[in-house]
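Me: I should like to learn how to read the packing of helices. Please take me through it step by step.

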Amino acid sequence: MKECFIQLNDRVVPYDEATIHIGSAAMKYGASVFEGIRGYWDADRHRMHLFSMSEHADRLLDSMKIMGMEHAWSKERVMRNIRNIILVNRLQEDCYVRVAASVEADGPLESRGPVLLSVAAFPMQRKPHSDRGIHISVSSWQRISDHMMPPRIKCIANYQNGRLAMLQAKSDGYDNTLLLNQNGKIAEAPTAAFFIVKNGMLITPCVTSGILESITRRHILNWAKEIGLTATERELDRTECYLADEAFLCGTGAEILPVVSVDRHELGSGSIGPVTAKLMRKYFNTAYVREEGFEPSIADVVIYPKEEIENAALPI
């Protein structure tokens, strides 16, 4: 197995040495936030497209603000560390980057710092069944609300809510699940936003429904306008999902993941629908920069000629 390195603040360390103390506020109280970023390898141009990295860095800083973390991290410094660990690990395939900000103080519940920023990058391919769709349920667990904890940010503690729902779904024989919010309306899946298609229209829960403010979801709403689809954000009933023509999950990990049944109610023809397929093509054309006239921000691209790979920063 190829040796893997992790970025800890501005240092690069071997994977096994990337640790945080068991007494830290991050370990004791879940005082940690994170972002996941997909990297798409372009072999022809010898570069990695870190899809929407700039937006992910913004959301990380927003999460740190809401969680009351005191730090000196700038957006530029965060992105520089992400690009560096891609080079250090010499990644030349599709990958996933996980960047986390954690309160590493061995202190009380209200500790605000110091903040450790860690960045890990490793190969990642498509989710299972992305080529034929997944079967999902509606969970008996309720999605956390903004009255309890802020669901719109990626706080690690929030994910226990989705973890419990996913454990239940897997035990019941489903691939994934949806959580309802405090009003009994659809919120999202444990790690992904949710869309249905009905009569050619895209429908997704609004950002005040207890959802993470998903970056992929935002792109899909923008793409819908570009390709002539009508999209709306509103409350979504459970039974609307049963009667949908199509449905899909979306997010950094999920990308666009077709749903073919909800609570064993088959959607449409029981296969990937035409609107979902069109959006999947748009997603991957954008991720792999295949569309004429589209070029990602230079900040979201890691370009490394052969000599740059050879001279990438080594552990210090």
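The dialogue below concerns helix packing.

Me: What should I know beforehand?
Reply: This is a predicted model, in which local features need pLDDT of at least 70, side-chain atom pairs count only at pLDDT 80 or more, and totals for chains, interfaces and linings use all residues. Residues are numbered from 1 along each chain as its sequence is written, and side-chain values use heavy atoms, with hydrogens and water left out.

Me: At what angle do H5 and H7 pack?
Reply: Helices (H or I, at least four residues) are DSSP runs numbered from the N terminus. Axes are lines fitted to C-alpha atoms over the stretch in contact, and angles run from 0 to 180 degrees between N-to-C directions. Here H5 (residues 215-226) and H7 (residues 274-287) pack at about 110 degrees, their axes 11 Å apart. H5 is therefore roughly perpendicular to H7, a term for angles of 65 to 115 degrees.

Me: Which residues make this contact?
Reply: Contact means heavy atoms within 4.5 Å. H5 contributes Thr216, Ile220, Trp223 and Glu226, while H7 contributes Leu279, Lys282, Tyr283 and Thr286.

Me: How does H2 cross H5?
Reply: The axes of H2 (residues 53-66) and H5 come within 10 Å, crossing at roughly 130 degrees. H2 is therefore oblique to H5; oblique covers whatever is not under 35 degrees (roughly parallel), over 145 (roughly antiparallel) or 65 to 115.

Me: Which residues meet there?
Reply: Glu55, His56 and Arg59 of H2 meet Ile215, Arg218 and His219 of H5.

How values were computed: Helices (H or I, at least four residues) and strands (E, at least two) are DSSP runs, numbered from the N terminus.
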